[in-house]
Amino acid sequence: MDKSKDVISFDSAMKELEKIVSKLEKGDGALEQNLKLYKQGVKLCSDCKSELDKAKLKIEYVGNEQPEE
């Protein structure tokens, strides 16, 4: 299985997560479908958090670099 096909950009993941939340908030879907959407949303949320954590580390690293003299 090619892992690169499973990778989604942060922006795309956030848009998809917003769609899922909107669908779940309507509350008119079947239980099985809502559970599937919820599971997908949890995965997207986890992926987004991971990307944000990576970005935070990069920002901290850049902020801690000593300027060259």
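**Exercise 1. Helix α2**

What span should the 34 residues of helix α2 have at 1.5 Å a residue, and how far apart are its end C-alpha atoms?

Solution. The model is predicted: local features need pLDDT of at least 70, side-chain atom pairs count only at pLDDT 80 or more, and totals for chains, interfaces and linings use all residues. Residues are numbered from 1 along each chain as its sequence is written, and side-chain values use heavy atoms, with hydrogens and water left out.

Step 1. Helices (H or I, at least four residues) and strands (E, at least two) are DSSP runs, numbered from the N terminus. Helix α2 covers residues 31–64.
Step 2. The expected span of a helix is 1.5 Å times one less than its number of residues. For α2 this gives 50 Å.
Step 3. The end C-alpha atoms of α2 are 49 Å apart, in agreement with the expected span.

**Exercise 2. The chain as a whole**

State how many helices and strands the protein chain has, and what share of its residues is buried.

Solution.
Step 1. The protein chain has two helices and zero strands.
Step 2. Buried means under 20% relative accessible area, exposed over 50%, and partly exposed in between (1.4 Å probe, protein chains only). Of the 69 residues in the protein chain, 12% are buried.
Step 3. Accessible areas come from the Shrake-Rupley method with a 1.4 Å probe, and for residues only the protein chains shown count as cover. The protein chain exposes about 6,400 Å², of which carbon and sulfur atoms supply 56%.

**Exercise 3. The two sides of α1**

Find which residues of α1 are buried, and which on the other side are exposed.

Solution.
Step 1. The 17 residues of α1 should span 24 Å, and its end C-alpha atoms are 25 Å apart, which agrees.
Step 2. Ala13, Leu17 and Ile20 are the buried residues in α1. Seen down the helix axis, they fall within an arc of 65°, so they line one face of α1. The arc is that of the directions from the helix axis to the C-beta atoms.
Step 3. Asp11, Lys15, Glu18, Lys19, Glu25 and Lys26 are exposed on the other side of α1.
Step 4. Just after α1, glycine 27 has a positive phi of about 70°.

**Exercise 4. Between the helices**

Name the residues of the largest nonpolar core and the elements that give two or more residues to it.

Solution.
Step 1. In α2, the buried residues are Asn34, Leu37, Gly41, Leu44 and Cys48. Their cover includes α1 (10–26), and the cover of the buried residues of α1 includes α2.
Step 2. A nonpolar core is a set of buried Ala, Val, Leu, Ile, Met, Phe, Trp, Tyr and Cys residues joined through side-chain atoms within 4.5 Å. The largest one has six residues: Ala13, Leu17, Ile20, Leu37, Leu44 and Cys48. The elements giving two or more residues to this core are α1 and α2.
Step 3. Contact means heavy atoms within 4.5 Å. Neighbours within four places in sequence aside, asparagine 34 is in contact with Leu24 and Gly29; its relative accessibility is 17%.

**Exercise 5. The cysteines**

Determine how many disulfides the structure holds.

Solution.
Step 1. A disulfide is a pair of cysteine sulfur atoms within 2.5 Å. The structure holds zero disulfides.
Step 2. For cysteine 45, the nearest cysteine sulfur is that of cysteine 48, 6.8 Å away.
Step 3. Cysteine 45 is partly exposed, at 44% relative accessible area, whereas cysteine 48 is buried, at 4% relative accessibility.
Step 4. Neighbours within four places in sequence aside, cysteine 48 is in contact with Phe10, Ala13 and Met14.
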